[in-house]
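Biologist: I should like to go through this model with you, one point at a time. Please give the cut-off behind each term when it first arises.

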Amino acid sequence: MPVRFTGGPLLALTAMLAASPAWAADEEIQVYLDEIGARGEFGLDLHLSYVLDGDGTPAYPGAESPRHRLRITPELSLGLGGGFELGAYIPVATVAADGVARVQGIKGRLKWLAPHKDQGLYWGINWELGRVAHRLDENPWNSEVKLIAGWREERWNLGVNGNFGFKVSGPVPAPATFEITSKVGYKVSDTLTLGVESYNELGELRSLAQFSGTEHATYLTADFPVGGFDINAGIGKGYGANADSWVVKFVIGVPVG
């Protein structure tokens, strides 16, 4: 059942989470780097994003307007050993501008990182499969393959992801697409890393040279701990065909061990 919230408590909740330990913004606005859970290690991240301003026009009949929408997605993970990690986004939820909270789907993922040292080159791959409600996508079942590569030094960390997205099932034609995301982070101190994250659609795989209608966004980010919580906070600007002009996002690592 949808749950209705008034604007005051919703904004208060967002402020509390921000102070405590993209296009229509995805449930996860994040560049995958070299983090991987050890065998038997449980993890919990809370993904939050809020569209401050934008066009707000629904992408298709029955779609949810992204403007002034809060997305809330807990992500559970379990280290399997051998560089493998299993993850689940349960649930994919939103609070739209109408103040109604809705559970919109679930997604799972399997990530693998090649053995690597604390500094130097790292690389891996992530596979995701999920089902979402019609309000978020005309096709309920979709998948993504994410190629992960990067380089970490004492103060610098550079990561690049190549994301292949494709429809698994649904009534609407949806050619496979490709997106490149990247992050450059500089460790200012032992407790603060400042960075820039970039999210860029390159279009359909069959016509990558045609960039018209693609979406792009750039975020200024800060990574820091608060009372045992690990915070990734960012504010982003959308451009190109992106309907979301300004988005704030948080990825909150919750201590569960």
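Biologist: What percentage of the residues of the protein chain count as buried?

Modeller: The model is predicted, so local features need pLDDT of at least 70 and side-chain atom pairs count only at pLDDT 80 or more, while totals for chains, interfaces and linings use all residues. Residues are numbered from 1 along each chain as its sequence is written, and side-chain values use heavy atoms, with hydrogens and water left out. Buried means under 20% relative accessible area, exposed over 50%, and partly exposed in between, with a 1.4 Å probe and protein chains only. Of the 257 residues of the protein chain, the share that counts as buried is 41%.

Biologist: How many helices and strands are there in the protein chain?

Modeller: Both kinds of element are DSSP runs numbered from the N terminus: helices are H or I with at least four residues, and strands are E with at least two. From the N terminus on, the order is β-α-β-β-β-β-β-β-β-β-β-β-β-β. The count is therefore one helix and 13 strands.

Biologist: Which residues have the most contacts inside the largest nonpolar core?

Modeller: A nonpolar core is a set of buried Ala, Val, Leu, Ile, Met, Phe, Trp, Tyr and Cys residues joined through side-chain atoms within 4.5 Å. The largest one has 14 residues, and those with the most contacts inside it are I29, I148, Y199, Y219 and V247.

Biologist: Which elements give two or more residues to this core, and which residues does the second core include?

Modeller: The elements that give two or more residues to the largest core are β4 (84–95) and β11 (215–226). The second core is separate and has six residues, including L46, L48, A233 and F250.

Biologist: Which elements each supply at least two residues of the lining of the largest cavity?

Modeller: On a 1 Å grid over the protein atoms alone, a cavity is a set of points where a 1.4 Å probe fits but cannot get out, and lining residues have an atom within 4 Å of a point. The largest cavity has a volume of about 50 Å³, a volume being the space filled by probe spheres set on grid points joined across faces, edges and corners. D26, E27, E28, I29, H47, L48, S49, K249, F250 and V251 line the largest cavity. The elements that each supply at least two of its lining residues are β2 (42–54) and β13 (244–254).

Biologist: Which residues are closest to the centre of the second largest pocket?

Modeller: A pocket is an open set of points with protein on both sides within 12 Å along at least five of seven lines. The second largest pocket has a volume of about 1,200 Å³. Of the 45 residues that line this pocket, the closest to its centre are Q30, E35, D45, D223 and D230.

Biologist: How many charged residues are in the lining of the second largest pocket?

Modeller: Ala, Val, Leu, Ile, Met, Phe, Trp, Tyr, Cys and Pro count as nonpolar, Asp, Glu, Lys and Arg as charged, and the others, Gly among them, as polar. The lining of the second largest pocket has 15 nonpolar and 11 polar residues, and its charged residues number 19.

Biologist: With which side chain does the side chain of N232 make a polar contact?

Modeller: N232 lies in strand β12 and is buried because its relative accessible area is 8%. Contact means heavy atoms within 4.5 Å; beyond four places in sequence, N232 touches K183, E197, T221, A222, D223, K249, F250 and V251. A polar contact is a pair of N or O atoms within 3.5 Å; within protein, one must be able to donate a hydrogen and the other to accept it, and residues adjacent in sequence count only if both atoms are side-chain atoms. The side-chain partner of N232, at 2.6 Å, is K249.

Biologist: Is D34 buried or exposed, and what is the length of its polar contact with R152?

Modeller: D34 is found in the loop between α1 (7–19) and β2. D34 counts as buried because its relative accessibility is 12%. The polar contact between the side chains of D34 and R152 has a length of 2.6 Å.

Biologist: Which residues does a cis peptide bond join?

Modeller: The bond has an omega of about -10°. One partner, P91, lies in strand β4. The residues joined are I90 and P91.

Biologist: Which residue other than glycine has a phi near 60°?

Modeller: The residue lies in the loop between β2 and β3 (70–81). It counts as partly exposed because its relative accessibility is 30%. The residue with this positive phi is H68.
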